[in-house]
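Q: Could you take me through one part of this model in close detail, and then show how that part sits in the rest of the chain? I would like the cut-offs spelled out as you go.

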Amino acid sequence: MAKNEFFIEQRPDGRYNVLRPSADRASATTNTQAEAIDKAKAIDPDATIHVERVRDVGPGRDKWRKL
């Protein structure tokens, strides 16, 4: 995966992490998914952002979508 990518994932407490691939810790943590997306764009405007869909389907979360 490229260095200029971010993943937006929901935490167990309901907040959202902005993560780079293979990162040990989040670049940012926000209260809403929209804030996390805005934060990722502010950090690197040219980055590809992958967002976890926050809905449960079947045995787990839905698939990722790319912005």
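A: Let's start with the hairpin: β1 and β2 form it with five residues between them, and Gly 14 in the turn has a positive phi of about 95°. Strands and helices here are DSSP runs, numbered from the N terminus, with at least two residues (E) for a strand and at least four (H or I) for a helix. β1 covers residues 5-10 and β2 covers 16-19. The two strands pair in the antiparallel sense over four bridges, where pairing requires that DSSP finds at least two bridges between the strands. One of the facing pairs is Glu 9 with Asn 17 in β2.

A word on the ground rules: this is a predicted model, so local features need pLDDT of at least 70 and side-chain atom pairs count only at pLDDT 80 or more, while totals for chains, interfaces and linings use all residues. Residues are numbered from 1 along each chain as its sequence is written, and side-chain values use heavy atoms, with hydrogens and water left out.

Now look into the loop of the hairpin. Asp 13 lies there, between β1 and β2. Asp 13 counts as partly exposed because its relative accessibility is 47%; buried means under 20% relative accessible area, exposed over 50%, and partly exposed in between, using a 1.4 Å probe and protein chains only. The side chain of Asp 13 makes a polar contact of 2.8 Å with the side chain of Arg 11. A polar contact is a pair of N or O atoms within 3.5 Å; within protein, one must be able to donate a hydrogen and the other to accept it, and residues adjacent in sequence count only if both atoms are side-chain atoms. A polar atom of the Asp 13 side chain also lies 3.0 Å from the backbone nitrogen of Arg 15.

The pair of Arg 11 and Asp 13 is a salt bridge too, with the closest N and O atoms 2.8 Å apart. The rule asks for a side-chain nitrogen of Lys or Arg within 4 Å of a carboxyl oxygen of Asp or Glu, and by this rule the count comes to one salt bridge. Side chains of opposite charge can pair when their charged atoms come close. Arg 11 is partly exposed because its relative accessible area is 28%.

From the loop we can step across to β3. Asp 13 and Asn 31 are 18 residues apart in sequence, and their C-alpha atoms are 9.8 Å apart in space. Thr 30 is found in strand β3, residues 28-30, and Thr 30 counts as buried because its relative accessibility is 9%. The side chain of Thr 30 reaches the backbone oxygen of Thr 32 at 2.9 Å and the backbone nitrogen of Ala 36 at 3.2 Å. Leaving out residues up to four places away in sequence, Thr 30 touches Arg 15, Tyr 16, Glu 35 and Ala 36, where contact means heavy atoms within 4.5 Å.

On the way from β2 to β3, the loop holds Ser 22. Ser 22 has a positive phi of about 60° although it is not a glycine. Most residues other than glycine have a negative phi. Ser 22 is exposed because its relative accessible area is 76%.

What does the hairpin lend to the interior? The largest nonpolar core has 11 residues, among them Phe 6, Ile 8, Tyr 16 and Val 18. A nonpolar core is a set of buried Ala, Val, Leu, Ile, Met, Phe, Trp, Tyr and Cys residues joined through side-chain atoms within 4.5 Å. β1, β2, α1 (33-43) and β4 (48-52) each supply at least two residues of this core, and α1 gives the most, with three. Val 18 touches Phe 6, Ala 28 and Ala 40, among others, not counting residues up to four places away in sequence.

β1 has a second partner: four bridges join it to β4, and these strands run parallel. Phe 6 stands opposite Ile 49 in β4. Glu 52 also has its place in β4 and counts as buried because its relative accessibility is 13%. The C-alpha atoms of Glu 52 and Phe 7 are separated by 7.6 Å, with their positions 45 residues apart along the chain.

Stepping back, the chain has one helix and seven strands, in the pattern β-β-β-α-β-β-β-β. Of its 67 residues, 31% count as buried.
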